[in-house]
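I opened the notebook to go through this chain piece by piece. My notes follow in the order I looked things up.

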Amino acid sequence: MKKVLIIDDEEKLRKLLARLIGYEGYEVLEAAGGAAAFRKMEQKDIDVVLCDVKLPDINGLDLSLKIKEQYPEVEIIMLTAYGNIPDGVQAIKNGAFDYITKGDDNNKIIPLIRRAAEKIELARRVKSLEKQLGDRYSFDNIIGDSPPLAEARNLAARVAAGDTTVLLTGETGTGKEVFANAIHMASNRRYKNFIAINCAAFSHELLESEFFGHTAGAFSGATRDRKGIFEEANNGTIFLDEIGEMATDLQAKLLRVIETGEYYKVGDSKVKKSNVRIIAATNLDLRKEVAEGRFREDLFYRISVFQINLPPLRERRDDIEVFARYFLDMFSIKTKRNITGMSSSFITALKQYEWTGNIRELRNVIERCCILANGPLLTPDLLPLEIQQKQYKPESDPHQSLNLSEFEKMHIIKVLNHTGGNKTKTAELLGVALTTLYRKMAEYNL
């Protein structure tokens with residue numbers, strides 16, 4: 001229930017307004033002056049204030065200013081004397097929601113309070129969504145506790161507050177966009193746009209248009225003016241993924257806008273300005289690209305003011321189980337399966353695999369396993385064959401031959417993988433009874 005505070009020293013009018021507003025379902029509080037009003041506001045979370053301009057202990061306009069300073073989310077409606085427009089204008093300047101003429105505009109009070117309450121509710125919802133977004137992309141929510149990741153996270157947190165250009169390096173799938181989002185949400189630009197673009201996903205011509213926009217008729221198919229990301233993200237952050245794939249002539253235009261904030265729309269001769277923070281990412285060795293003439297040296301030094309390398313998953317094996325459990329929780333809900341955990345042999349298999357696709361590959365594997373699972377646990381037979389085979393490679397002596405039981409175990413896993421975990425079909429293909437298959441699976445801990 002929204003709470004309305006009426007501040008007026010005329011008791012009869014105050015009581016009348018209180019009764020009128022209370023009939024509409026609002027909780028109404030009353031105060032005869034400024035001091036009493038602040039005592040009420042300390043006791044209750046007030047949403048809307050109706051305040052008379054003339055009060056015995058303070059000018060209502062000054063009071064409204066103090067209320068806004070101390071309680072910025074509260075909306076204030078001023079009650080002004082008949083025809084006193086200057087008071088109304090000053091009230092708006094002081095941050096009041098609106099003003100009405102005292103005694104003559106009683107029929108406007110309820111609609112005005114309702115609109116003020118709706119504005120408050122919208123502001124609170126926006127604030128809640130911003131908090132949820134901030135929590136989702138905070139550094140605390142970046143999964144993993146391994147020392148290499150902790151170092152990367154610490155560096156990102158330290159650079160986030162400023163406007164320094166950041167270059168994130170590392171293999172595909174190591175979470176570069178997650179880090180870019182976290183840096184943006186920890187910066188003073190967090191309430192402005194964050195726009196991510198994959199530079200490898202567009203041809204040169206289309207990428208330039210995506211960057212800077214274009215005018216109608218600039219090229220075939222350009223039927224209307226279009227904004228680019230440097231205009232859309234003004235005062236915000238742009239994340240340029242796979243920046244090493246960008247054509248060299250477009251690199252020169254990117255360098256200009258980074259250094260001067262100026263650019264031209266495609267097909268336009270008028271200079272436009274943009275104030276954005278650049279976070280770039282690449283899985284290439286840009287120094288090598290510079291040496292071989294595929295990447296501009298000046299742009300490299302401009303974007304790599306602060307460089308953070310994100311370690312591959314194989315260098316942080318302690319994080320593999322943490323990620324796997326996170327994805328298991330996610331996909332058990334998404335696939336509507338009652339999967340409660342992973343077998344120890346399943347976890348061992350995950351930890352022994354190289355994960356060339358890093359976190360993204362692990363995510364896809366766990367999703368696949370959740371889809372195939374028939375029981376409460378994820379087991380090695382649900383894994384892709386290349387991961388299963390890696391698990392059973394003898395590592396002490398690479399030249400040692402597998403014994404017969406190991407060959408049998410691997411063959412059962414291979415057939416299970418082929419049938420998608422269907423035990424009946426697996427038994428048929430192996431030419432054994434279903435009970436025999438179950439006995440063998442128990443023997444080999446599958």
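**Entry 1: the end of α19.** I began just after α19, where N445 takes a positive phi of about 60°. I keep in mind that this is a predicted model.

**Entry 2: α19 itself.** I went back into the helix, which runs over residues 434-443. Which of its residues are buried? I noted L437, K440 and M441. They cover an arc of only 100° around the axis, so they sit on the same side of α19. I then turned to the other side of α19, where T435 and A442 are exposed. What do the buried residues of α19 pack against? I found α17 (404-418) and α18 (423-430) as their partners.

**Entry 3: E428.** I followed α18 next, since E428 has its place in that helix. Is E428 buried or exposed? Its relative accessibility is 60%, and exposed means over 50%, so I logged E428 as exposed. I also checked E428 against P111, which is 317 residues away along the chain. Their C-alpha atoms are separated by 75 Å.

**Entry 4: α1.** I moved to helix α1, residues 11-22. Does its span agree or disagree with its 12 residues? At 1.5 Å a residue, I expected 16 Å. The C-alpha atoms at its ends are 16 Å apart, which agrees. I then listed the buried residues of α1: L13, R14, L17, A18 and I21. These cover an arc of only 135° around the axis, which puts them on the same side of α1.

**Entry 5: the largest pocket.** I finished with empty space. Rolling a probe the size of a water molecule over the atoms shows where such space is left. The largest pocket holds about 950 Å³. I counted 31 residues in its lining. Which of them lie nearest its centre? I wrote down G175, E177, V178, F327 and I359.

I asked next which helices supply at least two residues each to this lining. They are α7 (176-185), α13 (318-334) and α15 (358-372). Of the contributors, α7 gives the most to the lining, with 6 residues.

Last, I sorted the lining of the largest pocket by residue class. I have 12 nonpolar, 11 polar and 8 charged residues.

Key:
Residues numbered from 1 in each chain as written. Predicted model: local features only at pLDDT ≥ 70, side-chain atom pairs only at ≥ 80, totals over all residues. Heavy atoms only, no water. Helix = DSSP H or I, 4+ residues; strand = E, 2+ residues; numbered from the N terminus. Expected span 1.5 Å × (residues − 1). Buried < 20%, exposed > 50% of the residue type's maximum accessible area, 1.4 Å probe, protein only. Arc of directions from axis to C-beta. 1 Å grid on protein atoms, 1.4 Å probe; cavity = no way out; pocket = protein on both sides within 12 Å on 5 of 7 lines; lining within 4 Å. Points joined across faces, edges and corners; volume = space filled by probe spheres on them. Nonpolar A, V, L, I, M, F, W, Y, C, P; charged D, E, K, R; others polar. Contact = heavy atoms within 4.5 Å.
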